[in-house]
Amino acid sequence: MTETLALAVPKTAKERGKIAPVKFAHIVYKTGRFDEMVQWYRTVLEAEVVMGSPMVTFLAYDDEHHRIAIINMPDASDKPGNAAGMDHCAFTYESIGDLFATYERLAGSGIKPYWCINHGPTLSMYYQDPDKNQVELQIDVFDSNEAVNAWFKDSDFDTNPVGVRFDPDDLLTRFKSGEARESLLKRPRIDPSELHAQFPG
Ligand SMILES: [Fe+2]
């Protein structure tokens, strides 16, 4: 167990008397696949175009005026797979039903996750947009940070910080059969020798 994992739930910056952002606002992509990228994020996030122009499009799906902006840059080059920078962004759904409804809806449009992993604190499905940016669609397994911390202490996270892969269709079948949420979302323990098999690819 590392020292980091043993820490108590931290107070918010505001509770510590600091001035910090009140929220995470948006993500902006520049792309050479403008129309494709706009359509992909509209589809995946059920987003609407709040401002569209040949140079940039703003997309919204909740109470923020725009969560995603796509900048049209026809001569943009693709990033090499090992480029430094952001690895992925993640979006949380309200329920396992919402996550699976989204999985089924996207599969119907030919958009499928390349990696489905029970991280422990989250059940996550990873997708790639047309530029190969990685997008995680997830649900929180626990209902409080205290519960997440308790899980960190009791689980095998120290030997498996990745998670355990799952088959989305299998889990969907179990969900539809009425299996309890707790049983669906409980991360199994694996032997450390199985860790490499949990990575994508
Ligand atoms: Fe993530």
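**Figure 1. Strand 6 and strand 7 in the predicted model.** Strand 6 (residues 115–118) and strand 7 (residues 122–128) run antiparallel and are joined by 4 bridges. The model shown here and in the other figures is predicted. The two strands form a hairpin in which 3 residues lie between them. G120, in the turn of this hairpin, has a positive phi of about 115 degrees. Two pairs mark the register of the strands: I117 stands opposite S124 in strand 7, and W115 has Y126 in strand 7 as its bridge partner.

**Figure 2. The surroundings of S124.** S124 is a residue of strand 7. Is S124 buried or exposed? S124 has 22 C-beta neighbours inside 10 Å, and a residue with 20 or more is buried, so S124 counts as buried. Leaving out residues up to four places away in sequence, S124 touches I117, H119, E136 and Q138. One of these, I117, is the residue that stands opposite S124 across the pairing of strand 6 with strand 7. For a sense of distance, the C-alpha atoms of S124 and R33 are separated by 26 Å, and the two residues are 91 residues apart along the chain.

**Figure 3. Strand 7 and strand 8.** Strand 7 is joined to strand 8 (residues 134–140) by 7 bridges, and the two strands run antiparallel. Q128 stands opposite Q134 in strand 8. These strands also form a hairpin, with 5 residues between them. The turn includes K132, which has a positive phi of about 70 degrees.

**Figure 4. The open sheet of 5 strands.** The order of the strands is 5-8-7-6-9, and the pairing is mixed. Which strands stand at the edges? Strand 5 (88–92) and strand 9 do; each has a single partner strand, so one side of each is left without a neighbour in the sheet. At the strand 9 end, 2 bridges join strand 6 to strand 9 (residues 164–165), and these strands run antiparallel. I117 stands opposite R165 in strand 9. I117 also stands opposite S124 in strand 7.

**Figure 5. The open sheet of 4 strands and helix 2.** This sheet has the strand order 1-4-3-2 with mixed pairing. Its edge strands are strand 1 (27–31) and strand 2 (48–52), each of which pairs on one side only. From one strand to the next, the twist averages 25 degrees. Strand 1 and strand 4 (residues 68–72) run parallel and are joined by 5 bridges. Within this pairing, V28 stands opposite A69 in strand 4. Helix 2 (residues 34–45) packs on the sheet and touches strand 1, strand 3 (56–60) and strand 4. The direction of helix 2 makes about 170 degrees with that of strand 4.

**Figure 6. The packing of helix 3 and helix 5.** Helix 3 (residues 96–108) and helix 5 (residues 168–176) pack with their axes 11 Å apart and at an angle of about 130 degrees. Why are helix 3 and helix 5 oblique to each other? Their angle of about 130 degrees lies outside the ranges for roughly parallel (under 35), roughly perpendicular (65 to 115) and roughly antiparallel (over 145), so the two helices are oblique. Their crossing is left-handed. In the contact, I96, F100 and Y103 of helix 3 meet P168, L172 and F175 of helix 5. By class, this contact has 6 nonpolar residues, with no polar and no charged ones.

**Figure 7. The chain as a whole, for placing the close-ups.** The chain has 6 helices and 9 strands. Its C-alpha atoms fill a box of roughly 50 × 45 × 35 Å, taken along the principal axes. Of its 201 residues, 16% count as buried, and S124 is one that counts as buried. Among contacts in the chain with a separation of 6 or more, 60% are accounted for by residues 24 or more positions apart.

Key:
Residues numbered from 1 in each chain as written. Predicted model: local features only at pLDDT ≥ 70, side-chain atom pairs only at ≥ 80, totals over all residues. Pairing = 2+ DSSP bridges. Axes fitted to C-alpha atoms, helices over the stretch in contact; angles between N-to-C directions. Contact = placed C-beta atoms within 7 Å. Left-handed = near helix turned anticlockwise from the far one by under 90°. Nonpolar A, V, L, I, M, F, W, Y, C, P; charged D, E, K, R; others polar. Buried ≥ 20, exposed ≤ 12 C-beta atoms within 10 Å, placed from the backbone.
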